[in-house]
Structure formats: C-alpha cells, structure tokens
Amino acid sequence: MKDGAKILSNPLKQICNLSLRLSIFPRECKIAKLTPLFKKGSSTDPKNYRPISLLPLSSKILEKVVLEQTQSFLKEHNLIYELQSGFRDQHSTNFCLSYLSNKIFSGFDSGLMTGMVLIDLQKAFDTIDHDILLKKMKLIGFSDTCIKWFQSYLINRVFFVSVEKSFSSEGNLKCGVP
C-alpha cells in the first residue's frame with residue numbers, strides 16, 4: 001500500500017466517500033481473521049488466550065476516516081467527559097492516575113475520608129449490544145445517515161480463527177465492537 005500510495009489514494013478516497021454517502025460498509029471489509037495470542041497461565045486453557053482481530057487494510061483506512069469524523073462530532077458537541085482518558089489523543093493513563101492521586105491527596109490534606117471504587121469491566125467491548133449502541137447514538141444527536149452507516153458496519157460481520165496453518169469455519173459476530 002505504501003509503495004502504491006499515489007496510485008491507490010484516489011480509488012481508496014472514492015471507496016470511503018461512496019461508503020459514507022450510501023451508508024454502506026463494504027461486505028469484504030467485514031471479514032476478520034482471529035489469531036489467538038497467549039497471555040499467561042496454562043497454554044491448554046483457552047481462557048488464557050486473547051483474540052487478535054486482523055482486518056483488511058482497506059477496512060482500517062475507512063475506520064480511521066470515520067473515527068476522525070466521529071471524534072470531531074463528539075468534541076464539537078461537547079459530548080466527551082473532560083477527564084475521559086481512554087481512546088483519546090493527548091490523554092493517557094498517566095494523566096488519569098495523576099489526577100486521581102491529586103484528588104486522593106487533597107482529600108487526605110483536608111481531613112476527609114477518601115476512597116474509591118474500582119470496577120474492571122473485563123471484555124466490555126465484546127459485550128456491547130449493537131441495538132443499544134445505535135439507540136444511544138441517536139439520542140446524542142448522530143444523524144440517521146450516520147447511524148445507518150454504523151449499523152451497516154456492525155451487522156453481518158464474520159470471523160474465522162487461524163491457528164498456525166489451520167483455519168476454522170466462519171462464525172458470525174452478533175455483539176461487541178470489531
């Protein structure tokens with residue numbers, strides 16, 4: 001892609017524009033190759049593997065375009081909590097931890113009882129209900145055309161698992177985000 005960028009940039013731009021104008025995410029971009037990545041523990045326990053989803057490069061390009069437009073919309077309409085750190089440029093977990101530490105020390109210095117509740121939402125992205133997500137997008141002001149595009153992006157996605165040189169049959173992704 002890099003070597004052919006000058007030749008491929010215009011057709012890719014046309015594909016992106018057409019996808020957004022028609023509110024259709026290309027079917028060929030919805031096929032994910034899942035590769036299990038070992039985390040820790042027993043290598044015979046499937047729970048100790050994290051699935052890495054490999055998507056077509058054209059899919060990633062289109063997703064990046066939509067990500068930038070979505071982030072712009074959310075920022076323009078002041079829909080992102082100012083202290084949101086995850087998945088944002090110029091924000092990091094270090095900033096979040098620094099802010100949290102300052103709040104705790106300020107509470108201690110003021111003689112207040114200070115505590116916090118930590119919740120680990122393991123595999124949270126794997127459990128997102130598509131219908132609920134689309135309804136929430138409607139409620140916060142995304143256009144019908146935009147919601148239709150996201151619906152096209154989310155539905156009829158397929159995956160197969162690749163282990164070494166063996167491949168599983170295709171499965172359907174019915175919830176979660178790609």
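Okay, one definition before anything else: when I say buried, I mean under 20% relative accessible area, and exposed means over 50%. Keep in mind that this is a predicted model.

Let's start with the aromatics. Searching the whole structure turns up seven aromatic pairs. One of them is Phe-73 with Phe-142, a tilted pair with 4.5 Å from centre to centre and 40° between the planes. What I like here is that the pair links distant parts of the chain. Phe-73 belongs to helix α2, residues 57-76, while Phe-142 sits in the loop between α4 and α5, and the two are 69 residues apart. Are they buried or exposed? Phe-73 is buried, and Phe-142 is buried as well.

Now look at Trp-149 and Tyr-153. These two make a stacked pair, 5.4 Å centre to centre, with 15° between the planes. Where are they relative to each other along the chain? Both are in helix α5, and because they are four residues apart, about one helical turn separates them. Trp-149 has a relative accessible area of 3%, so it is buried. Tyr-153 comes in at 9%, so that one is buried too.

That pair doesn't stand alone, by the way. Phe-25, Trp-149, Phe-150 and Tyr-153 make up one aromatic cluster. And there's a charge to look at: Arg-157 lies over the face of Tyr-153, 4.6 Å from the ring centre.

Staying around the cluster, have a look at Ser-19, which is placed in helix α1, residues 5-22. Its relative accessibility is 4%, so Ser-19 counts as buried. What does Ser-19 touch, once we leave out residues up to four places away in sequence? The answer is Ile-24, Phe-25, Pro-26, Leu-62 and Trp-149. Two of those names, Phe-25 and Trp-149, you just heard in the cluster.

Next, helix packing. α4 and α5 pack at an angle of about 165°, and their axes are 10 Å apart. Since anything over 145 degrees counts as roughly antiparallel, that is what α4 is to α5. The crossing itself is right-handed. If you want to click through the interface, the α4 side has His-130, Leu-133, Leu-134, Met-137 and Lys-138. Those meet Asp-144, Ile-147, Phe-150, Gln-151 and Leu-154 in α5. So Phe-150 turns up again, as a member of the aromatic cluster and in this helix contact.

Let's move on to the backbone. As a reminder, most residues other than glycine have a negative phi. Asn-156 has a phi near 55°, a positive value, and it isn't a glycine. You'll find Asn-156 in the loop between α5 and β3, and at 62% relative accessible area it is exposed. Glu-164 also has a positive phi, about 55°, without being a glycine. Glu-164 is in the loop between β3 and β4, and it counts as exposed because its relative accessibility is 77%.

Last stop, a couple of aspartates. Asp-109 lies in helix α3, residues 93-109, and it is exposed at 71% relative accessible area. How far is Asp-109 from Arg-88 in space? C-alpha to C-alpha it's 31 Å, with their positions 21 residues apart in sequence. Then there's Asp-3, in the segment before α1, which counts as exposed at 83% relative accessibility. From Asp-3 to Leu-133 is 130 residues in sequence and 38 Å in space, again C-alpha to C-alpha.

How values were computed. Residues are numbered from 1 along each chain as its sequence is written. This is a predicted model: local features need pLDDT of at least 70, side-chain atom pairs count only at pLDDT 80 or more; totals for chains, interfaces and linings use all residues. Side-chain values use heavy atoms; hydrogens and water are left out. Rings of Phe, Tyr and Trp (its six-membered ring) pair if their centres lie within 6.5 Å; planes under 30 degrees apart count as stacked, over 60 as edge-to-face and the rest as tilted. Buried means under 20% relative accessible area, exposed over 50%, partly exposed in between (1.4 Å probe, protein chains only). A charge sits over a ring if NZ of Lys or CZ of Arg is within 6 Å of the ring centre and within 35 degrees of the ring normal. Axes are lines fitted to C-alpha atoms, for helices over the stretch in contact, and angles run from 0 to 180 degrees between N-to-C directions. Angles under 35 degrees count as roughly parallel, over 145 as roughly antiparallel, 65 to 115 as roughly perpendicular and the rest as oblique. A crossing is left-handed if the near helix is turned anticlockwise from the far one by less than a right angle, and right-handed if clockwise. Contact means heavy atoms within 4.5 Å.
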